[in-house]
2 protein chains.
Amino acid sequence: MELDERKQKILYAIIQNYQETGEPVGSRTISKMDALNFSPATIRNEMADLEELGYIVQPHTSAGRVPTDKGYRFYVDRMLAERAESDPRKDLQLPAAPMQELLTKRIDRVEELLLKMAQILAANTNYTTMVTGPHSRRNKLKFLQLSAMEDRKILAVVVLGGNIVKNNILEIDEELSQETLLNLNFMLNNRLNGLSLEEINLGLISQLKEEAGGHIGVIEKVLDAVADTFAKEDSYPIYTSGATNIFRYPELTGGDKASELISTLEEKKELGSAIGEISNDSESHQDIRVYIGDEVPVDSMKDCSVVTATYELGDGVQGKIGIIGPKRMNYQKVVDTLKGTMHQLDGIFKKSEE
Amino acid sequence: MELDERKQKILYAIIQNYQETGEPVGSRTISKMDALNFSPATIRNEMADLEELGYIVQPHTSAGRVPTDKGYRFYVDRMLAERAESDPRKDLQLPAAPMQELLTKRIDRVEELLLKMAQILAANTNYTTMVTGPHSRRNKLKFLQLSAMEDRKILAVVVLGGNIVKNNILEIDEELSQETLLNLNFMLNNRLNGLSLEEINLGLISQLKEEAGGHIGVIEKVLDAVADTFAKEDSYPIYTSGATNIFRYPELTGGDKASELISTLEEKKELGSAIGEISNDSESHQDIRVYIGDEVPVDSMKDCSVVTATYELGDGVQGKIGIIGPKRMNYQKVVDTLKGTMHQLDGIFKKSEE
DNA sequence: GTTAGCACTCAAACGGTTAGAGTGCTAACA
DNA sequence: TGTTAGCACTCTAACCGTTTGAGTGCTAAC
């Protein structure tokens with residue numbers, strides 16, 4: 001073990017104190033704590049060791065100590081381990097009242113639910129929150145609906161599991177009679193409903209074209225629209241809320257940092273990678289991940305930490321929630337809040353599937 | 001006339017210089033200009049007068065002068081008047097290349113077009129841009145489409161003029177057969193297509209209910225959804241872009257100003273009022289309006305100016321564009337850019353209606 | 001292994017001085 | 001009478017030396 005018991009305690013104390021105050025913490029402060037009743041000099045010796053090991057640094061010679069990324073990593077790992085050992089129910093923080101209300105009141109429009117969720121989490125934690133819309137690659141087609149709009153234009157509404165609805169306006173090469181359209185509608189739904197993207201393969205596609213008679217162009221456009229709905233970036237949009245919370249933390253607003261961060265959030269580029277793409281199945285969807293400082297794969301967030309969770313809306317429809325805050329964020333509270341929210345969410349969707 | 005020719009020139013010069021530098025401008029600076037070849041002392045006398053009249057102020061005793069809201073108002077009015085007099089084509093700034101490309105390439109999804117427009121305008125002007133989605137109260141119903149989703153749930157897709165599409169998932173009290181649904185579909189479209197919100201009145205509604213036989217509950221829900229599409233806030237969403245441009249202007253970022261401004265933009269509250277609700281018909285849709293400082297009806301924008309324009313996508317579908325910048329923004333460029341964009345937009349939609 | 005004591009370092013706050021930009025006023029000028 | 005040169009005055013921002021206080025590292029004693 002690299003760190004003996006006392007060093008660990010001191011490191012823990014330093015980090016907690018720094019999280020509360022945001023100021024470098026000195027040896028006197030630590031020595032005053034009940035659990036660590038040593039003289040400042042002793043603490044200083046230990047701190048010097050901790051610094052040598054890379055867990056803390058001094059901003060300048062005569063200042064107190066501040067945790068490094070490695071320090072935070074130690075702290076977070078230990079906290080997560082403790083949480084995992086203890087009774088999972090004990091510190092499962094119940095979502096705050098507005099969240100309770102949101103989650104029990106059933107909302108059909110997924111987008112609205114996700115946006116509200118982001119807003120409430122941001123307001124609750126005082127950190128910035130982002131939620132990716134459900135990632136639907138493994139999702140299934142519920143049904144589709146073609147309607148005539150005007151000459152050579154049809155509206156294709158594609159509905160996936162989890163009630164993800166997307167509209168596509170298609171320009172086609174021929175004019176279709178109401179009847180033809182009805183037939184196509186029937187045929188396509190008959191063939192495609194309940195299938196996932198993978199299941200709509202080349203064989204099936206050529207079969208469809210055959211059945212469609214002359215309207216191959218239309219079929220192609222419709223299939224494109226379906227593929228789009230499954231895959232296209234804006235079929236899983238990203239909702240953010242509480243961007244201005246970063247102004248609460250001076251370490252995030254110096255220089256151009258604030259501007260860059262907010263730009264990233266506004267343009268919603270790179271956010272997907274920040275939050276971690278949906279990963280392999282081995283990961284439980286209750287898994288909570290913490291990325292600290294340089295571990296975050298987005299440049300403008302190198303001074304932040306990001307805590308992510310995966311939510312599931314039944315049917316294998318998954319998305320991610322990310323909470324972005326300063327490295328000295330209250331990891332404990334954030335992790336518990338996310339766990340609580342996920343837990344509740346699961347309950348709801350389990351129930352509604354019965 | 002309150003201001004003689006020379007005072008006007010000096011005021012103009014002060015404002016232009018201040019716009020360029022952002023620093024208070026002194027008498028020496030002005031006296032060096034070719035058009036105003038007087039000694040600093042003379043200029044000083046005039047400046048003292050202008051200050052007494054409320055057009056300019058000194059931040060402190062020994063500083064140069066800075067325009068007041070009244071000063072800007074004078075400047076803008078005069079500029080707009082000049083623009084109106086001269087050949088409108090002369091200074092019609094053609095939209096920058098990316099905008100040209102965007103506008104000639106036809107985009108069917110209105111939302112996408114508007115968002116892109118906001119982005120390009122923001123990038124072009126270096127100011128924050130917001131675009132309200134088309135305001136559709138006077139719009140007409142193109143068609144609607146009911147589809148069965150699962151027991152007791154139907155999807156109602158409502159399409160308005162300008163191809164504004166909105167999905168509504170309705171929970172209904174009874175189970176409907178495919179056939180009934182088809183009939184309702186047919187009946188509703190038959191009755192409602194082409195009507196505006198006002199034309200769907202109580203008489204028509206009770207008639208519909210009669211025709212629908214037992215399915216009054218369904219009809220009510222569908223009509224609610226239609227009304228929603230016409231009226232509900234998110235049927236004319238607000239797109240913003242370039243929020244971080246405000247960091248270019250120190251006068252907007254002091255204290256909590258930046259945070260408040262970005263909050264306003266993020267939450268998209270109050271933005272509607274900032275941009276000015278769609279007003280009476282008397283206003284030409286080519287009309288450009290400038291709100292300076294306190295004239296902006298949003299608290300967090302009291303240090304900004306907002307320039308708005310109304311766009312039209314044919315069919316009387318209108319929306320607004322607003323450019324938000326510091327009071328010392330380049331009004332001329334902004335006004336010309338907006339005019340150019342509106343002009344081009346009109347061309348496109350006129351053409352596509354033929 | 002722990003602690004008291006002490007010299008040392010450094011950032012931040014304080015205060016006085018200076019430099020410079022710009023003003024208002026007055027008196028002379030055209 | 002309008003314009004200008006000259007001058008004293010004001011105020012901010014920058015500069016600089018000093019002080020203060022928090023915190024350290026080291027050493028020697030317990």
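In this predicted model, a good place to begin is A:Thr42, where a polar side-chain atom lies 2.8 Å from a phosphate oxygen of DNA strand C. The backbone takes part as well: a polar backbone atom of A:Ser39 is 3.2 Å from a phosphate oxygen of DNA strand C. Chain B also reaches this strand, for a polar side-chain atom of B:Arg65 is found 3.0 Å from one of the strand's phosphate oxygens.

These contacts belong to a wider surface. Altogether, 20 residues surround DNA strand C, and the closest of them are A:Arg6, A:Thr42, A:Thr61, A:Ser62 and B:Ser27. Which parts of DNA strand C come within 4 Å of the protein, sugar and phosphate or bases? Sugar or phosphate supplies 71% of those atoms, while the rest belong to bases. Sorted by class, the residues near DNA strand C comprise 12 polar, 4 nonpolar and 4 charged. Two helices each supply at least two residues of this surface, namely helix 3 (40–52) of chain A and helix 3 (40–52) of chain B. Helix 3 of chain A gives the most, with 4 residues.

DNA strand D can be described in a similar way. Of the 20 residues around DNA strand D, those that come nearest are A:Ser27, B:Arg6, B:Thr42, B:Thr61 and B:Ser62. Within 4 Å of the protein, 73% of the atoms of DNA strand D are accounted for by sugar and phosphate. One contact to a phosphate comes from B:Arg6, with an N or O atom of its side chain 2.8 Å from a phosphate oxygen of DNA strand D. Bases of DNA strand D are contacted too. An N or O atom in the side chain of A:Arg44 is 3.1 Å from a base oxygen of DNA strand D, and a polar side-chain atom of B:Arg44 lies 3.4 Å from a base oxygen of that strand. Helix 3 of chain A and helix 3 of chain B are the elements that give two or more residues to the surface near DNA strand D. The largest share, 4 residues, comes from helix 3 of chain B. This surface divides into 4 charged, 4 nonpolar and 12 polar residues.

How are the two protein chains related? Chain A is superposed on chain B by a rotation of 180 degrees with 0.0 Å of shift along the axis, at an RMSD of 0.1 Å. The two copies are therefore related as by a two-fold rotation axis. Their interface can be compared as well: 100% of the interface residues of chain A are also interface residues in chain B, so the copies meet through the same surface.

Turning to the layout of a single chain, chain A is divided into domain 1 (5–67), domain 2 (93–134 + 237–353) and domain 3 (141–234). Domain 2 of chain A is thus listed in two segments, 93–134 and 237–353. The centres of domain 1 and domain 3 of chain A, taken over C-alpha atoms, are separated by 64 Å.

Aromatic rings offer a last detail. Over all chains, the count comes to 9 aromatic pairs. One of them joins A:Tyr55 and A:Phe74, an edge-to-face pair with 6.1 Å from centre to centre and 70 degrees between the planes. Where in chain A do A:Tyr55 and A:Phe74 sit? A:Tyr55 is in the loop between helix 3 and strand 1 (56–57), whereas A:Phe74 is in helix 4 (residues 69–85). With these positions 19 residues apart in the numbering, the pair links distant parts of the chain.

Methods
Residues numbered from 1 in each chain as written. Chains lettered and ligands numbered in written order. Predicted model: local features only at pLDDT ≥ 70, side-chain atom pairs only at ≥ 80, totals over all residues. Heavy atoms only, no water. Near = heavy atom within 4 Å. Polar contact = N/O pair within 3.5 Å; in protein donor to acceptor, adjacent residues only side chain to side chain. Nonpolar A, V, L, I, M, F, W, Y, C, P; charged D, E, K, R; others polar. Least-squares fit on C-alpha atoms with pLDDT ≥ 70 in both. Contact = heavy atoms within 4.5 Å. Domains from an automatic or database assignment. Phe/Tyr/Trp six-rings, centres within 6.5 Å; stacked < 30°, edge-to-face > 60°.
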